[in-house]
Amino acid sequence: MEFTKLNNGVQMPMQGIGTFLLTPDEAEASATYALKNGCQLIDTANAYCNEKAVGRAMKNAGIDRKNIFLETKLWPSFYEQDNAVDKTLERLQTDYIDLLLIHQPAGNYIAGYKQMEKAYKDGKVRAIGLSNFNEEQICEILNICEVKPSVLQTEVHPYYQENELKKFLSHEDIKIQAWYPLGHGDNALLNEPLFKSLAKKYGKSTAQIILRWHIQEGNIIIPGSKNSDHIKANFDIFDFSLTDEEMAKISLLDKGVRYYTSTPEMLKKYVEMIPPVDEQK
């Protein structure tokens, strides 16, 4: 595993497993398997309604808590609830969260950020950050924050490389974390001739080539899967490196194509949506 140092000195694994769209049973099984097979970073969220399952997985795996980097996200409808962080900790059955993010730039996200800052100062959270924020929205947080965001989680993959945003984040010493690192499993991306030729050269899958590209680009990655073979393969990317020439060729694949685009209407719905967090298994 490779690690990156956040702007407050916390060490974060460069790769973990995501639990987006996984049921509680799937999240528990996948996270348990991943932790038992060397994974140290688990990503979840209030809205995924599988935090309790992730909490069980951390206990099932028999791994020392200090060797697990736990990441979750506050949902907009909870930003103004003073007990949102404590409720999240209860669901995860843990005393602290390694990285807590504001999930969406919707509703009163300033209140949500202030709540995370308090949790950070109280020792309930080791680092805080943002998810799905654009540069303008990040600047808004930077202008009011007492604790600087350390990570931005957003969509990044070879078809959507976010190079301008990454320059801004690098200047601000904020790490980028890629969701949909494999382009939501898009067959066109996974079957790019360049990736197929590199897969043949290195004896890897095209998915492993893409994940290796992310690591060398400095992108923290959280590919999600409920398939144990895929989970294991996703972590088998640290025994080779792409050349500078190969990295340059991959940079030319950037099409500015997203698989998720936020709209004002969607953000308004997010505020009104209350995830059934207490009813989850």
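How many bridges join strand β4 to β5, and do the strands run parallel or antiparallel? In this predicted model, 3 bridges join β4 (residues 41-43) to β5, and the two strands run parallel.

## The sheet around β5

The bridge partner of I42 in β5 is L70. Between these strands the chain passes from β4 through helix α2 (residues 51-60) to β5, a β-α-β crossover that is right-handed. Strand β5 is also joined to strand β6 (residues 99-102), by 4 bridges and again in parallel. Here E71 stands opposite L99 of β6. The connection from β5 to β6 goes through α3, and this β-α-β crossover is right-handed.

These pairings belong to an open sheet of 8 strands with parallel pairing, in the order β3-β4-β5-β6-β7-β8-β9-β10. Its edge strands are β3 (17-18) and β10 (220-221), each of which pairs on one side only.

How many residues of β5 are buried? The strand is mostly covered, with 6 of its 6 residues buried. From β5, F69, E71 and K73 point one way, while L70, T72 and L74 point the other way; all are buried. Charged and polar names such as E71, K73 and T72 are thus listed with the buried residues of this strand.

## Q177 in strand β9

Another strand of the sheet order is β9, and Q177 is found in it (residues 175-179). Is Q177 buried or exposed? Its relative accessibility is 0%, so Q177 counts as buried, the limit being under 20%. The side chain of Q177 makes a polar contact of 2.8 Å with the side chain of Q153. Apart from neighbours within four places in sequence, Q177 is in contact with M12, L41, E71, L101, V151, L152, Q153, T154, I220 and I222. This list includes E71, a residue of β5 already described as buried. Q153 appears in the list too, as the partner in the polar contact.

## Aromatic pairs and charges over rings

The whole structure holds 6 aromatic pairs. Two of them are set out below.

| Pair | Centre to centre | Angle between planes | Geometry |
|---|---|---|---|
| W75 and Y270 | 5.1 Å | 65° | edge-to-face |
| Y109 and F133 | 5.2 Å | 80° | edge-to-face |

Why does the pair of W75 and Y270 tie together parts that are apart in sequence? W75 lies in the loop between β5 (69-74) and α3 (84-92), whereas Y270 lies in helix α12 (residues 264-272), so the pair links parts 195 residues apart in sequence. Both W75 and Y270 are buried.

For the second pair, Y109 is in helix α4 (residues 109-121) and F133 is in the loop between β7 (128-131) and α5 (135-144), so the parts tied together are 24 residues apart in sequence. Y109 and F133 are both buried. Elsewhere, W179, Y180 and Y260 form one aromatic cluster.

Which residues lie over the faces of Y96 and Y159? R65 lies over the face of Y96, at 4.0 Å from the ring centre. K255 lies over the face of Y159, and its distance from the ring centre is 4.2 Å.

Note on methods. Residues numbered from 1 in each chain as written. Predicted model: local features only at pLDDT ≥ 70, side-chain atom pairs only at ≥ 80, totals over all residues. Heavy atoms only, no water. Buried < 20%, exposed > 50% of the residue type's maximum accessible area, 1.4 Å probe, protein only. Polar contact = N/O pair within 3.5 Å; in protein donor to acceptor, adjacent residues only side chain to side chain. Contact = heavy atoms within 4.5 Å. Phe/Tyr/Trp six-rings, centres within 6.5 Å; stacked < 30°, edge-to-face > 60°. Lys NZ or Arg CZ within 6 Å of the ring centre and 35° of its normal. Pairing = 2+ DSSP bridges. Right-handed = clockwise from strand over helix to strand, strands pointing away.
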